[in-house]
Amino acid sequence: MFPGIKSIRSASMLLIVAMLPAAAQTPTGGDIFRSWIGKTVDAETAKGAKVKLAFANDGAVSMSGAFTDTGKWRATDDGYCTTWQKTRSGKEECYSVVPDGRMFLVRVKNTGELSGRVAHP
């Protein structure tokens, strides 16, 4: 009936698709954690205790609020690891970080157990 209509429609669809912005990459847990470095973040344990975590640029970390402790942190591909002076008797534990709406979930890496939630800094 109208021979050029089909090809015009296809060309229009290609043009529209080409104009759409590229999909943003989802940040990894490691990317999210690195955005906390040099900041103090509000956190809540899985049992509801409120704490503030301060991740210093030099690898030091401190916790204040319901619990207080100091230690060291290191970044991983999907989150971070901490070694506290008092907590866990100084044994390192690693966590994965995943977005969850307006918060980030922090899970113990080797068990998947929820450790807590961190607010966007």
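Start by colouring the protein by secondary structure and following the chain along its sequence: the pattern you'll meet is α-α-β-β-β-β-β-β-β-β. That makes two helices and eight strands. Keep in mind as you click around that this is a predicted model.

**Stop 1: the barrel**

Hide the helices for a moment and show just the strands. The eight strands close into a barrel, in the order β1-β2-β3-β4-β5-β6-β7-β8, and they pair in the antiparallel sense. Step from one strand to the next and the twist averages 35°.

**Stop 2: β5 and β6**

Now select residues 79-84, which are β5, and residues 93-100, which are β6. These two strands run antiparallel to each other, paired over four bridges. To see how they line up, click on G79: standing opposite this residue is S96, in β6.

**Stop 3: the disulfide**

Stay with this pair of strands and show C81 and C94 as sticks. How far apart are their sulfur atoms? The gap is 1.9 Å, and the two cysteines form a disulfide. A disulfide is a covalent bond between the sulfur atoms of two cysteines. Don't go hunting for others, as a search of the whole structure finds one disulfide.

Which parts of the chain does the bond tie together? C81 sits in β5 and C94 in β6, so the link joins parts that are 13 residues apart in sequence. Turn the view to look along the S-S bond of C81 and C94: the torsion there is about 100°, so this disulfide is right-handed.

Are these cysteines buried or exposed? The cut-off for buried is under 20% relative accessible area. C81 has 1% relative accessibility, so C81 counts as buried. C94 has 19%, so C94 counts as buried too. For the protein as a whole, 28% of the 121 residues count as buried.

**Stop 4: the largest pocket**

Switch on a surface and look for the largest pocket, with a volume of about 560 Å³. To find its centre, select T45, R88, Y95, S115 and G116, which lie nearest to it among the 27 lining residues. The elements that give two or more residues to this lining are β1 (39-45), β2 (50-55), β5, β6, β7 (103-108) and β8 (114-119).

Which strand gives the most to the lining? Select β8: this strand supplies five residues.

For a last look, colour the lining by residue type. You'll get 15 nonpolar residues, six polar ones and six charged ones.

Notes
Residues are numbered from 1 along each chain as its sequence is written. This is a predicted model: local features need pLDDT of at least 70, side-chain atom pairs count only at pLDDT 80 or more; totals for chains, interfaces and linings use all residues. Side-chain values use heavy atoms; hydrogens and water are left out. A disulfide is a pair of cysteine sulfur atoms within 2.5 Å. Buried means under 20% relative accessible area, exposed over 50%, partly exposed in between (1.4 Å probe, protein chains only). On a 1 Å grid over the protein atoms alone, a cavity is a set of points where a 1.4 Å probe fits but cannot get out, and a pocket is an open set with protein on both sides within 12 Å along at least five of seven lines; lining residues have an atom within 4 Å of a point. Grid points are joined across faces, edges and corners, and a volume is the space filled by probe spheres set on the points. Ala, Val, Leu, Ile, Met, Phe, Trp, Tyr, Cys and Pro count as nonpolar, Asp, Glu, Lys and Arg as charged, and the others, Gly among them, as polar. Two strands pair if DSSP finds at least two bridges between them. Axes are lines fitted to C-alpha atoms, for helices over the stretch in contact, and angles run from 0 to 180 degrees between N-to-C directions.
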